[in-house]
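Visitor: I should like to take a close look at a single part of this structure. Please describe that part with care and then place it among the features around it.

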Amino acid sequence: MGSKGARPAAALAWAVETFGPVAADPAERGLRLLEEAMELAQCLGVSGAQADALALRVWGRDPGLLHQEFAQVLLCLEAAAAASRVDLDAVAEKEFARIQKLPASHHRRRHEVKKRGGIAT
């Protein structure tokens with residue numbers, strides 16, 4: 001995608017076009033980030049019990065500083081990718097191209113299921 005901010009801006013624009021203004025809501029983005037992070041953790045061997053224990057620990061403390069938490073998420077993702085020998089830029093480009101090819105109705109249906117389950121806004 002070229003410049004460092006091009007893919008994030010394009011991804012947000014795609015999400016807003018696909019899902020509407022809710023896609024730009026920070027709480028909704030947080031839910032989607034948590035979902036994807038949990039799915040990645042599952043792939044990396046984290047158990048449901050470990051995820052539950054970690055959720056209790058995190059939500060048992062005061063929220064951190066927004067910019068610091070963003071940096072920590074990115075650094076942890078980069079380290080996990082390096083440990084797994086995954087090229088983040090390459091896989092992100094491939095995945096973004098893949099999801100853009102799916103019809104918007106596919107994504108909207110999945111989002112509706114999440115809304116009904118209380119895990120989307």
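Guide: The part chosen here is Glu28, which is found in helix α2, spanning residues 26-43. The model is a predicted one. Is Glu28 buried or exposed? Its relative accessibility is 2%, and because the limit for a buried residue is under 20%, Glu28 counts as buried. Apart from neighbours within four places in sequence, Glu28 is in contact with Val22, His111, Ala120 and Thr121.

One of these partners, His111, leads to a helix pair. His111 of α6 takes part in the contact with α1, together with Ala104, His107 and Arg108 of α6. From α1, the contact is made by Trp14, Glu17, Thr18 and Phe19. By class, three of the residues in this contact are nonpolar, three are polar and two are charged. Helix α1 covers residues 6-19 and helix α6 covers residues 104-116. Their axes lie 9 Å apart and the packing angle is about 75 degrees. Angles of 65 to 115 degrees count as roughly perpendicular, and α1 and α6 are therefore described in that way.

Trp14 carries the description further. Leaving out residues up to four places away in sequence, Trp14 touches Phe19, Phe96, Ile99, Gln100 and His107. Trp14 also belongs to the largest nonpolar core, whose five residues are Trp14, Ala15, Ala23, Phe96 and Ile99. Helices α1 and α5 each supply at least two residues of this core. As a general matter, nonpolar side chains in soluble globular proteins tend to be buried together.

Exposed positions provide the contrast to Glu28. Arg85 lies in the loop between α4 (66-83) and α5 (88-101). With a relative accessibility of 77%, Arg85 counts as exposed. The phi angle of Arg85 is near 60 degrees, a positive value in a residue other than glycine.

The cysteines complete the account. Cys43 is exposed, at 68% relative accessibility, and Cys76 is likewise exposed, with a relative accessible area of 53%. The closest cysteine sulfur to that of Cys43 is in Cys76, 17 Å away, which is too far for a bond. A disulfide requires sulfur atoms within 2.5 Å, and the structure holds zero disulfides.

To return to the part under examination, Glu28 is a buried residue of helix α2, and its contacts include His111, which also takes part in the contact between α6 and α1.

Notes. Residues are numbered from 1 along each chain as its sequence is written. This is a predicted model: local features need pLDDT of at least 70, side-chain atom pairs count only at pLDDT 80 or more; totals for chains, interfaces and linings use all residues. Side-chain values use heavy atoms; hydrogens and water are left out. Axes are lines fitted to C-alpha atoms, for helices over the stretch in contact, and angles run from 0 to 180 degrees between N-to-C directions. Helices (H or I, at least four residues) and strands (E, at least two) are DSSP runs, numbered from the N terminus. Angles under 35 degrees count as roughly parallel, over 145 as roughly antiparallel, 65 to 115 as roughly perpendicular and the rest as oblique. Contact means heavy atoms within 4.5 Å. Ala, Val, Leu, Ile, Met, Phe, Trp, Tyr, Cys and Pro count as nonpolar, Asp, Glu, Lys and Arg as charged, and the others, Gly among them, as polar. Buried means under 20% relative accessible area, exposed over 50%, partly exposed in between (1.4 Å probe, protein chains only). A nonpolar core is a set of buried Ala, Val, Leu, Ile, Met, Phe, Trp, Tyr and Cys residues joined through side-chain atoms within 4.5 Å.
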